[in-house]
Every structure is written in structure tokens, then in C-alpha cells.
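Colleague: Got a minute to go through this one with me? Let's put it up and start.

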Amino acid sequence: MDTAALGEEQVEYDPIYDPFNPELIADPYPFYERLRDEHPVYYNERMDFYALSRYDDIFHALRKPQIFSSAQGLTPAKDEISQLGIPPTFIMMDPPDHTRLRRLITKAFTPDTVKELEPTIRQFVIDHVEAMKQKAADGEEVDLVKAIASPLPTMVVANILGVPPEDREKFDPWSDGITSASADFALDIQQAIGAVQGLVTYFGAMCQARRAKPTGDMISKLTQAEIDGDTLTDWDILGFCFVMIAGGNDTTTNLIGNSMKFLHDYPDQHRELLQKPSLIPNAIEEFLRIESVVQGLSRTTTQDVEYYGTAIPAGSKVHNLYASGNRDPRHWGDNADELDIHREIDRHLSFAQGPHFCIGAHVARLMVRTYFEEMGSRIGESFEIDWDRAERRQSAFTRGFTKIPIHIKA
Amino acid sequence: MIRVRFEPSGFEVDAEPGEAIMDITDANPAAEVPYSCRAATCGTCRVEVVEGGEALSTADEFELEVLDIFGDTPDKVRLCCQTKLVGGSDTQVTLKVCED
């Protein structure tokens, strides 16, 4: 049993699968391979949850909310909703309640609506790529995460919610706090609670302001929305804000960072992408597949189910390892661990499947496509990243980088 | 020619057999059909078939699975992202956006 000090306690990690095991956080893929091959349904006794790791099992579980419910939260912890004190969010509901709430914001995320964001996103990317080049020319060290990968989704989420530019720097500590991980869930929860409190205070005040004087932003629209004749409370609206911040902020940051690492590891494919930008959309799907930013999310069984002779009782947390399913050779073939920007991708798991399919998927794709188009045309191959000094995000549930030192050549 | 009407927007358009409903709604935002995944997974684009179901393609296993989540059957409800017009001239198809 692996152990780590936590204050004066010793945490004993499950050696087969424990999302908080630092060894797994450093490189989860050998663990996932073993799970798929030897323990396709695995029971983690320490935290009392089951893990699914094969593509087909996860795919079908996510598409059966009648059996795999989201209403008890999305992490392996059994009481995360009460511990966090979070507002009711539609990602922690099942149809039909989930459907009614999700519909209120669907219009903000259709491809047509997202297209309207493109000029704003492109100008932002151009400005920040040029600012990076200027910094580099001035001899300053540039961190790709701070310079563009983090500010880009923050700007977009803030734009959709209607947060003024001067308040946008508050977002990152909130999303970090909600998704961060350390040696034990108990420690994480303290950071998460602080983040949720900050978010609730800020957006609570914003709800009040928008009720008094509506603008065209999403929060104003939500204050005026009705479901079955009832308007949403501030607490309901805070649930939407929680989803936007937790789900939309550092996920795109991580996707950009992860993509850059793979392009470093596969320089021929990077060159091909630069020469043929029309390959970018499929390459983004491959980046999403090969390194799922969200490594997995949990559901709770509403009835007894059985996998490979293992019974999972009703009321159990089941953690669906998207990142493992996305590399399952049973679905993707023998080269599942390899980047292939030409791969024909039917349905990867990185945006989930079923009614909880990521509502911001089109926005994320647009941001990353614009990033690669402008980086390609303005910097091309004229950069080097010091991967030895890059820092990985320490999280049990998300995968990405918090620092990527980049040297841009003149 | 197939006349397709969307409710509650009231938008109507003429279309040809073989056209995908989602191509029609892409080209005509006034149809006001919400959608998200475009891949038979989220169910956001569910529409009630008010009339003209015989002019719509058959639902595949992925669509049937999503419809089942919501307690729907393909004779009454379809996913716009999976459905094509398949035939019949001078046919009227009316699709109503599901409310929940």
C-alpha cells in the first residue's frame, strides 16, 4: 500500500486505483491500462466507490441516467454536495429536472450563438499572441498558461456571464479551488468550500444587481427566466454560475497545455498541422481523446447492476474514467496510446455522453481552434518550450499544466 | 418537395427528400430548435412529431437509446440531429420542440 503524510495522519492509497495517489496523478495511464485489463470494474475500499475503465462500459453507463444518476454528485465522495454547500446545479440532476434547467442556457451555447463570439475570441487571441511575442522580444520569460491559455477561457466565460473585465481575475482561484486535489479529499474540500463561498458572494451580489437593472448577459436572462411559471431564485442562478466557472474555465486551459505537450512529442504531426490548418478541428478531437482534461466523473447507481461478475449495489458511487476509456484499445485499436491527428473519431468520452454532454463543447472547440490558427500563423515553429520546467496541475480529477515556459524566437 | 413546419416558432420551409433536419435548422435559425452535441447523445434537439412521421428516416440504436432516457418512442419524438427526410412529395411534416 502506498502511503503519504497528511498532517500527522498517514493516508494509505489503494495501489490499484486511488485518484489521490500522487503516482497516479503524475502518470495515470499505466494504472488505467491495468484497470482495463485486470479490473474492468474495481472497488476502492478506502473511499467506497467502484471504477469503470473500459470504453464500452463507460459509454453505456453515461447514456443511462435512469441507472447511473448524477443527483448525488460527480466525485467518488458520497456526500460532496452537502460538504461543499453548493447551490443546486443542473449537472447534479437527472432528467426531467436536468433537462428543464439545461434548456434555459442551451441557447447561449448552440454553434450559431457561439459563432457570434468568434470575432471577440479571435481578437483576444491575436492580442495575446502578439503580447507574448513582444514580451519575448523584450527578453522577458513567457509562461504560456499565464499569457494566453488561462486568460482566454476566463475572458469567454466572463463575457457570457456578464462579468466586467476588472473582476475576471477572481475566477482562477475559484476554479482551482473547486477542481484541485491533494493527498486526501478531506483537505481538498476545505479549498473547495472557500472557492464556493467566494463565488456565491460575488455572483449573489451580481444577481441582485441584474434583477434591479437587467442587461443582456446570461445572468440577467436567468433572473427573468421561468420554469412552469416559477422564476429562478438567486440560489438557482448561482448553480449555473458554479457550472460555468468550474466546468468552463481551466478545462480549456488544460486542453491547450496538453495539446502543446503532444505536439512537442509528435513534431511531424505538429509540422503537418502548421502546413495544413484545415486539419486543426480533427486534431482537437484527437487532443481531447488522448488526454481527457476531465479524467473522470462519478454517478450513483439507482439499482443493482453487475459487471464481469461483480455486483454493484444500488446507491454506490461509480467513477467513470473517461481518460481510460479514451485509450481503450478495445475501441480505439492498438495505437490508442499514440497521437494521430488523422484518426477517425466517432465518440470520445471527454465531453461525457448522454444528457450531461458538455454544454460548452462548441465554445471550447472554437477557443482552441482559434488559438492554434493564430499561433500557427503568427509564431509557427519559432518557439521552444522548456518542458523540464513545466508544472503539472496536481489534481485527481483534471489533467493539465499550471506553468509552461515558452521561448519565442525572433 | 416536403413542407416542414417547426413549432412553437411557426417557421416553415420547403425541403427535399434526403435533407437532414439539422441541416435545415442550421440554415434557418428562425426554426428555433435548440441543440448541443449533434451526435445522438444529449437529447437537447428532441422534437415531437406532430405530423408526417412517415416522411422521416428510421431511428438507429443510438437515437433509440437517447429517446428511451426521456421515456420517448420514435413514432412520437425524434432527435433532429439524427433525422432525415426520406420521401413523399407534397408531404407536410410538423415538428414541435419538446418542452422537457
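Colleague: Which strands of chain B form a hairpin, and how many residues sit between them?
Modeller: Strand 1 of chain B and strand 2 of chain B form it, with four residues between them. In the turn, G10(B) has a positive phi of about 80 degrees. Strands here are DSSP runs (E, at least two residues) and helices are too (H or I, at least four), numbered from the N terminus.

Colleague: Before I go on, what am I looking at, and how is it numbered?
Modeller: This is a predicted model, where local features need pLDDT of at least 70 and side-chain atom pairs count only at pLDDT 80 or more, while totals for chains, interfaces and linings use all residues. Residues are numbered from 1 along each chain as its sequence is written, and chains are lettered from A and ligands numbered from 1 in the order in which they are written.

Colleague: Back to the hairpin. How many bridges join strand 1 to strand 2 in chain B?
Modeller: Four, and the two strands run antiparallel. Strand 1 covers residues 2-7. Along it, R5(B) stands opposite E12(B), and R3(B) stands opposite D14(B).

Colleague: What's the strand order of the sheet in chain B?
Modeller: The order is 2-1-5-3-4, in an open sheet of five strands with mixed pairing. Strands count as paired if DSSP finds at least two bridges between them.

Colleague: And which strands of chain B stand at the edges?
Modeller: Strand 2 (12-15) and strand 4 (77-79) of chain B do; each has a single partner strand, so one side of each is left without a neighbour in the sheet. From one strand to the next, the twist averages 35 degrees, using lines fitted to C-alpha atoms as axes and angles from 0 to 180 degrees between N-to-C directions.

Colleague: Where do the helices come in along chain B?
Modeller: The pattern reads β-β-α-β-α-β-β.

Colleague: Different topic: how much of chain B is buried?
Modeller: Buried residues are 40% of its 100 residues, buried meaning 20 or more other C-beta atoms, placed from the backbone, within 10 Å of a residue's own (12 or fewer is exposed, in between partly exposed).

Colleague: Last one: how many residues does each chain bring to the contact?
Modeller: Chain B brings 14 and chain A brings 19, with contact meaning C-beta atoms, placed from the backbone, within 7 Å.

Technical notes
Contact = placed C-beta atoms within 7 Å.
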